[in-house]
Amino acid sequence: MARRSQHRNDRSRGSRSSRADFGSSGGKAQRGSWTSRDGRTAQRGYAHAAPASDNGSIRIEILFILFAAAAIVLLGRLLFVQLVTAPTLQAEAAEQRTEVRVLEPRRGTIYDRNGTVLAMSVEATTVTCDPTQVRDGYDDAVERVRNNEQEELLYDIPYVAEVLHEYLGGKAEDYLEQLQQDSRYALIVRKADEDKAQKLEDRLNELGVVGFYFDSDPRREYPHGEVAGQIIGAVGIESDEEAKREYYKGLSGLEYQYDEILSGTPGSVTREVGRDGTIIPSGRSEVKPPEDGQDIVVSIDLELQQKVEDVLKSGVKDLDGKSGSAVVLDAATGEIYAAASLPLFDPSDRSEVKEGATALKCVSDIFEPGSIFKSVSTMAVLETETMSPDDKLFCPAVIEADGYQISDAHERGDATFTLREILDQSSNVGISLAVKEMGFDKLYDSIIKYNLHEKTGVDFPGEGEDGTEVLGWLPPFKDWGRIAGYNISFGQGVSVTPLQMARFYGAIVNDGVECTPHFLVSYPQTGETAEYPSEDVVDNKEALPVMEDMLKTVVTDGTGKRAAIDGYNVAGKTSTAEIYDEENGGYKEDVYNLAFTGFLADSSSSLVCFVGANEVPNDGVVTPLFQDIMTTAIDRFRISPEE
């Protein structure tokens, strides 16, 4: 017992000793250490707290940094959403509830010179729909019936297709396919009759069908069918899927030439709509009116145009020709009063369009002119004063050059002709020798001077290749041999268009001045008149009345007798031209291009008429066609002979 007590006392003393030591250190407590029995000091308690405190600070700093980084990321994300994403999302949301409808402009009207409408736009309606709205409207109607908010269901989607078929024609299954497509836009019918569209709209409203739109969309019409159809041309419908727009675009003729002027600029209606297509009253609404196209007045006289077409059809048929063309040109102004080529084109009925019908061949097609080109050679001879009309020239039956023989179209013996008789009788040999006397270089220079190698500048598509002023075929003079000079003198081995020839003959009428052939005359809405250049191509003016007088005797005494019109001095030149065979080389046998180009000399008119029939078997003349056309012009424009 004593031992245990002693032990307790020792422990007690140890404790006291510990406390005494703890308090003996300069009056300051040394926290965190104690003295063991062997007098060594051991670390305990606060002695281990110092390292723990450093680690905690590091953890706190790391947490702070992580928190700050997270805050920065969140703040950045917030700023990105507000400044970058939000406008995009707002725009997308606005786009989803924004409906834009294109307002088509009225295409300009085309008038003839007398104010007769040749092409116009009439009011029509294009019907479109939002298939999702149509189906949503149907689902809503079903729900109202279920909730007893509506007595009966008036329609379903197949029935809507049947209604469209009833009012618009077409096939119900096609409409059903449109209504079932997964799209916000579907074209139902373009340019429908206004009355039919209005009745359809009323019926759909009765049924409670939503999602259909009826937009004014003018339709192009051609009141006179094929009369002047080639000149007016036609339009086609172009689609712009992105703009959800279908519009007219010129495809041929003046519709193509002046498409930008006639077409105008589309407008639009922008409005906010609800999910069911209902317009939101307080939503954004903006209307941009379309700018209608300009009207134009063209030089065509509709009555003369119809006469030209009728004469051409019957005349070429009587000659058993394959095609033909004609043009009536005012030499003093360049205005084209009528122009046509076969086959004709009807822009109001394109169910069957014959090959080449849309081309105006008197503008676009080149041909070897034959004897009507002898007027070019004769004019050059007169200008250079190589010969006068009564100068004589020995003309053998046949002449040779470069291994070839040249003779007249009709067999004859050797003869002596005056220059006038050479033109009257259309002698190939005679004009060849007259040009040889002048010099072939002078003929070449005259052809260039008369612009028979260049485009006329007519405001109509199809005159030669783009990017060059050259039109037709004229061999470079360095390539001319004697045979080439002979041939070109009577219109063989050179090619031109009928309009080029009409322009040249017009210079004879118009004191040597060639005016640019054209159709556009004016813009009636602005009062602006179109202007065109002209060029004086005859240097020796004294040759002009002589040339005109010689062309008159071609009709009175020569090959053009059937062109004569009682009471008038008709001047002109005939042609029976061989046709070059491009596939096989050489000239075709027993088939010809016939032509006559002339005018009413000594009259109040400056009208020049070319008429031609192509690929006519055997022989023939087109002078009666000229006579018929110009007789109509005399009555139509009250042309009087000058005393």
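A surface patch here is built from residues with over 30% relative accessible area and no salt bridge, with like charges joined within 9 Å. Keep that in mind for the first view, and remember throughout that this is a predicted model.

**View 1. A patch of negative charge sits on the surface.** Five acidic residues come together here: Glu162, Glu166, Glu173, Asp174 and Glu177. Two helices do the supplying, α4 (157-168) and α5 (172-180), and each of them gives at least two residues. The top contributor is α5, which puts in three.

**View 2. Glu166 is a member of the negative patch, seen here on its own helix.** Look for Glu166 in α4. Is Glu166 buried or exposed? Its relative accessible area comes to 57%, and the cut-off for exposed is over 50%, so Glu166 counts as exposed.

**View 3. Cys362 is tucked away in helix α11, as a buried residue.** The helix covers residues 361-364. With a relative accessible area of 0%, Cys362 is buried; anything under 20% would get that label. Which residues does Cys362 touch, once neighbours within four places in sequence are set aside? The contacts are Ser325, Ala326, Val327, Ala339, Ala340, Thr497, Pro498 and Leu499. Thr497 deserves a second look: Thr497 and Cys362 are 135 residues apart along the chain, yet their C-alpha atoms are separated by 6.2 Å.

**View 4. A cis peptide bond links Leu342 and Pro343.** Omega for this bond is about 0°. Pro343 belongs to the loop that runs between strand β16 (336-341) and helix α11. That helix is also the home of Cys362 from the previous view.

**View 5. Asn148 has a positive phi without being a glycine.** The phi value is near 60°. You'll find Asn148 in the loop between α3 (131-146) and α4. Asn148 counts as exposed because its relative accessibility is 71%, and the bar for that is over 50%.

**View 6. Glu385 is another non-glycine residue with a positive phi.** Here too, phi is near 60°. Where does Glu385 sit? Its place is the loop between α12 (374-383) and β17 (392-395). At 59% relative accessibility, Glu385 is counted as exposed.

Methods:
Residues numbered from 1 in each chain as written. Predicted model: local features only at pLDDT ≥ 70, side-chain atom pairs only at ≥ 80, totals over all residues. Heavy atoms only, no water. Patch = residues over 30% accessible without salt bridge, like charges linked within 9 Å, V, L, I, M, F, W, Y side chains within 5 Å. Areas by Shrake-Rupley, 256 points an atom, 1.4 Å probe, with all protein chains shown as cover. Salt bridge = Lys/Arg side-chain N within 4 Å of Asp/Glu carboxyl O. Lys, Arg positive; Asp, Glu negative; His and termini not counted. Charge placed at Lys NZ, Arg CZ, Asp CG, Glu CD. Helix = DSSP H or I, 4+ residues; strand = E, 2+ residues; numbered from the N terminus. Buried < 20%, exposed > 50% of the residue type's maximum accessible area, 1.4 Å probe, protein only. Contact = heavy atoms within 4.5 Å.
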